[in-house]
Amino acid sequence: MVTVTAQMVKELRERTDAGMMDCKAALGETQGDMEAAVDLLRKKGLAKAAKKAGRIAAEGLIGLALAPNKGALVEVNSETDFVARNDLFQGLVRMIADVALSHGTDNEAILKAHVGTQTVAEAITTSIAKIGENITLRRAATLSVGKGVIGSYLHNSVSEGLGKIGVIVALESTGDADALKQFGKMVAMHIAAAAPQALDQASLDPETVRREKEILAEKFKQQGKPANVIEKIVDSGIKTFYKEVCLLEQQYIHEPDKNVAQAVKEAEAKVGAPIKLTGYVRFKIGEGIDRPTTDFAAEVAATVGQS
């Protein structure tokens with residue numbers, strides 16, 4: 001039995017950029033044969049994956065998976081938008097969305113889930129090696145209803161179940177399922193465009209409201225308004241803020257003369273039963289990820305200087 005030393009692991013890591021534990025396991029499996037270990041890591045798609053894992057992935061796709069009364073969204077990131085058109089990457093995102101639908105929203109649980117003979121984490125590592133870019137599962141979300149439908153919409157769709165902005169919305173109702181599903185899609189389209197921060201006032205983060213009131217008050221304090229006037233202005237301003245960020249109070253994009261709550265009320269006549277919006281999820285690819293700014297001209301100049 002060959003003893004795998006730290007120096008052997010270090011050498012294999014330097015040659016393959018694979019993870020330490022992967023290198024140790026490969027050396028153990030090949031009885032310390034360095035060349036065989038390199039080949040083994042390459043066959044498993046682990047060689048050089050670790051090096052790519054350090055690069056920022058802010059592009060990619062939103063994946064959507066639906067089942068009766070349930071829906072899931074995942075965001076899977078890549079380094080470039082070009083990869084979003086890669087069949088292998090698209091298949092990976094669909095697979096991860098399906099896993100999220102059945103395993104829930106915890107990233108670790110999704111990564112550990114088995115699909116065929118490998119885990120999702122292993123499938124991602126293999127895809128990194130084949131595609132040549134860092135790939136990460138950033139987040140996942142699910143919604144379900146007892147009776148009703150999950151409305152959905154994908155903006156900038158590149159293929160079935162894949163796009164750049166994904167929305168699912170839960171509509172509880174005992175009404176006509178087809179009519180409800182169509183209305184659910186319309187609401188999901190509205191959410192994609194209007195990007196609400198919360199379903200209603202009650203579900204809006206209190207800190208967000210406090211900060212908005214503080215900003216409004218300070219603005220008019222600087223203008224020299226008296227305290228009693230500022231209080232009235234802030235009350236009016238916060239009502240306008242609710243109309244901008246709360247889904248049910250937003251101006252409905254399909255019929256701007258009414259808000260979403262009114263549109264829901266009117267849709268009840270078409271589906272033949274009350275409708276209650278109980279939640280929504282909106283994912284936009286790369287949202288909130290810090291992307292490094294690059295000076296392309298400077299990069300070219302630097303490259304020329306080195307030649």
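Helices and strands are here the runs that DSSP assigns, a helix having at least four residues and a strand at least two, and both are numbered from the N terminus. With that in mind, show the whole chain of this predicted model as a cartoon, where you will find twelve helices and nine strands. Of the 307 residues of the protein, 43% count as buried. Among the contacts with a separation of 6 or more, 66% are between residues that stand 24 or more positions apart.

**Colour by confidence**

Before selecting anything in detail, colour the chain by pLDDT, whose mean over the protein is 89, with 90% of the residues reaching 70 or more. Confidence is highest in strand β8, residues 165-172, at a mean of 98, and lowest in helix α12, residues 296-306, at a mean of 48. If you now select residues 303-307, you have a stretch where the pLDDT is below 50, and which has zero contacts in the model beyond near neighbours in sequence. Where pLDDT is low, the predicted coordinates should not be read in detail.

**Select helix α8**

Move next to residues 177-194, which form α8. This helix has 18 residues and reaches 25 Å from its first C-alpha to its last, close to the 26 Å expected at 1.5 Å a residue. At its N-terminal end, look for the cap provided by Asp176, where a side-chain oxygen lies 3.4 Å from the backbone nitrogen of Asp178. Then show the side chains of the buried residues of α8, which are Leu180, Phe183, Gly184, Val187, Ala188, His190, Ile191 and Ala192. Which elements cover these buried residues of α8? The cover includes β6 (148-155), β8, α11 and β9, so keep α11 and β9 in view for the next stops, where residues 276-284 are β9. After the helix comes Ala195, whose phi is positive, near 45 degrees.

**Select helix α11**

Residues 260-271 make up α11, a helix of twelve residues that reaches 16 Å from its first C-alpha to its last, close to the 16 Å expected at 1.5 Å a residue. Its buried residues are Val260, Ala263, Val264, Ala267, Glu268 and Val271. Why do they lie on the same side of α11? They do so because they cover an arc of only 155 degrees around the axis. Turn the helix and you will find Lys265 and Ala269 exposed on the other side. The buried residues of α11 have a cover that includes α8 and β9.

Both ends of α11 deserve a look. At the start, a side-chain oxygen of Asn259 reaches to within 3.2 Å of the backbone nitrogen of Ala261. Just after the helix, Gly272 takes a positive phi of about 80 degrees.

**Select Arg282**

Arg282 has its place in strand β9. Is this arginine buried or exposed? Arg282 counts as buried because its relative accessibility is 16%, and the cut-off for buried is under 20%. Show its side chain as sticks and follow its polar atoms back to α8: one lies 3.2 Å from the backbone oxygen of Ile191, and the backbone oxygen of Ala192 lies 2.9 Å from a polar atom of the Arg282 side chain. Leaving aside residues up to four places away in sequence, Arg282 touches Ile165, Gly166, Val167, Ile191, Ala192, Ala195 and Glu287.

**Select residues in α9 and α10**

Glu207 is found in helix α9, residues 206-222, and counts as partly exposed at 35% relative accessibility. Its side chain makes a polar contact of 2.6 Å with the side chain of Arg210.

From there go to Ile233 in helix α10, which spans residues 227-245. At 24% relative accessibility, Ile233 counts as partly exposed. If you draw a distance from Ile233 to Leu216, the viewer should show 8.0 Å from C-alpha to C-alpha, although these residues are 17 apart in sequence.

**Last stop: two cysteines**

Finally, select Cys23, which is buried, with a relative accessible area of 0%, and then Cys246, which also counts as buried, at 0% relative accessibility. How many disulfides does the structure hold? The structure holds zero disulfides.

Notes:
Residues numbered from 1 in each chain as written. Heavy atoms only, no water. Expected span 1.5 Å × (residues − 1). Buried < 20%, exposed > 50% of the residue type's maximum accessible area, 1.4 Å probe, protein only. Arc of directions from axis to C-beta. Contact = heavy atoms within 4.5 Å. Polar contact = N/O pair within 3.5 Å; in protein donor to acceptor, adjacent residues only side chain to side chain. pLDDT = per-residue confidence, 0-100. Disulfide = S-S within 2.5 Å.
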